Amino acid sequence: MKLLKKNIILTGGCGFIGSNMCKLLIKKKYNVINIDCLAPPFNSIKINYPKKNYKHYKININQTQKISFLIKKYNPVAIINFAAETHVDRSIDNNTKFYKTNLMGTVSLLNSIKKANLKTEIKFIQISTDEVYGDFINKNPAKETSLINPSSPYASSKASADISILSFYRTFNINFIITRCCNNYGPNQFPDKLIPKIILSCKKNFNIPIYGDGKQIREWIFVKDHCTAIYELLTNNKAKGIYNIGSEERIDNLSIVKMLLKQLRKKIYTKSKIIFVDDRPGHDKKYSINSNKIKKQTKWKNKTPFEKGIKKTIDWYLANKLMFKKNNNSLLKKRLGQIK
């Protein structure tokens, strides 16, 4: 790979959102250096990138010295941190690795930038989550200035990383952007997330479990729209601080399941039905965010209506047989997030 000015180090580029960002950056003529240790679970669909624009290093983000070496080698214009443990249920089962990756991994990246001691300034972009704000039932959508009030170990590990970044900016003057996006969906998402779990369960005639009464409300965005928002912040020299990224499309889980079942029954025969199960511990009732800041400061806007994005997502999963392989069955049937 030639050392050009448009080098980007991206961590977690083999995951759902990170792989979509890799595609976008390569399309925009950036050289992408992907740091991903491929820790399970990770996507099973192989993505072929052009070798002249892409390089993958199988390194854990807690390996500060190795990452510092790569920063010196490639002198990137930015580091975008997608690397994370992301599933709330998994964080209830085993929170230790969430803090190790999400908090300590972020601190490791910040120390790698310090250790590299480059003369040129690097923009550090942290991919956080709207879940750091906690439950927003009966409240106005969260702004970037709203207090954080995380409810799960996953959300608190991400909130802790955000706070660490703010301290590194104050003490070491590291140039940063923190993005807090709503729930993503789209092709190639891991099968234990809500939307792919519904689609794959229907294909295999498994029942679809709904936590509690299914009235938990989430804001949903098509993954490509999320990536274009990050790109706008990356290329905007005036962008700094914290940015919410949302669609304003807020839907309860039960309505999503019913919507998908209706569309799927037009395409395939399925015996799947909805079953209600005990709610998980600490389950937030509603997430909603105010995304006016990014809309005012950049040209970005959400382009994919939920119904259009869901149709694309369903068609992709039904066309990709690898997603229906046997070892996905346990992910579809197993109940995560229980108190042991």
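These are my notes on three helix pairs and one bent helix in a predicted model.

**Entry 1: H8 with H10**

I began with helix H8, residues 253-264, and helix H10, residues 306-319. Their axes come within 11 Å and cross at roughly 55°. That angle makes H8 oblique to H10, and I noted the crossing as right-handed.

Next I looked up who touches whom. From H8 I wrote down Ile-256, Met-259, Leu-260, Gln-263 and Leu-264. On the H10 side they meet Phe-306, Glu-307, Ile-310, Lys-311, Ile-314 and Leu-318. Sorted by class, this contact has eight nonpolar residues, one polar and two charged.

**Entry 2: H6 with H10**

Then I turned to helix H6, residues 194-203, which packs against H10 at an angle of about 45°. The two axes are 10 Å apart. H6 and H10 are therefore oblique to each other, since the angle is neither under 35 degrees nor within 65 to 115. H6 passes H10 in a right-handed crossing.

H6 brings Ile-195, Pro-196, Ile-199, Leu-200 and Lys-203 to the contact. Its partners in H10 are Phe-306, Ile-310, Thr-313, Ile-314, Tyr-317 and Leu-318. My tally by class is nine nonpolar, one polar and one charged. A reminder for myself: Phe-306 of H10 is on the list for H8 and on the list for H6.

**Entry 3: H6 with H8**

How do the axes of H6 and H8 cross? They come within 10 Å, at roughly 40°. H6 and H8 are therefore oblique to each other, and the crossing is right-handed.

In H6 I found Leu-194, Ile-195, Ile-198, Ile-199 and Cys-202 at this contact. In H8 I found Asn-253, Ile-256, Val-257, Leu-260, Leu-261 and Leu-264. Here the classes come out as ten nonpolar, one polar and no charged residues. Ile-199 of H6 turns up in this contact and in the one with H10. Likewise, Leu-260 of H8 meets H6 and is listed against H10.

**Entry 4: H4 on its own**

Last, I checked helix H4, residues 96-116, which has 21 residues. From first C-alpha to last it reaches 28 Å, close to the 30 Å expected at 1.5 Å a residue.

Where is the kink in H4 centred? I found it at Met-104, with a bend of about 30°. Just after the helix comes Asn-117, and I wrote down its positive phi, near 50°.

Technical notes. Residues numbered from 1 in each chain as written. Predicted model: local features only at pLDDT ≥ 70, side-chain atom pairs only at ≥ 80, totals over all residues. Heavy atoms only, no water. Axes fitted to C-alpha atoms, helices over the stretch in contact; angles between N-to-C directions. Helix = DSSP H or I, 4+ residues; strand = E, 2+ residues; numbered from the N terminus. Parallel < 35°, antiparallel > 145°, perpendicular 65-115°, else oblique. Left-handed = near helix turned anticlockwise from the far one by under 90°. Contact = heavy atoms within 4.5 Å. Nonpolar A, V, L, I, M, F, W, Y, C, P; charged D, E, K, R; others polar. Expected span 1.5 Å × (residues − 1). Bend = angle between axes of the 7 residues up to and from the residue.
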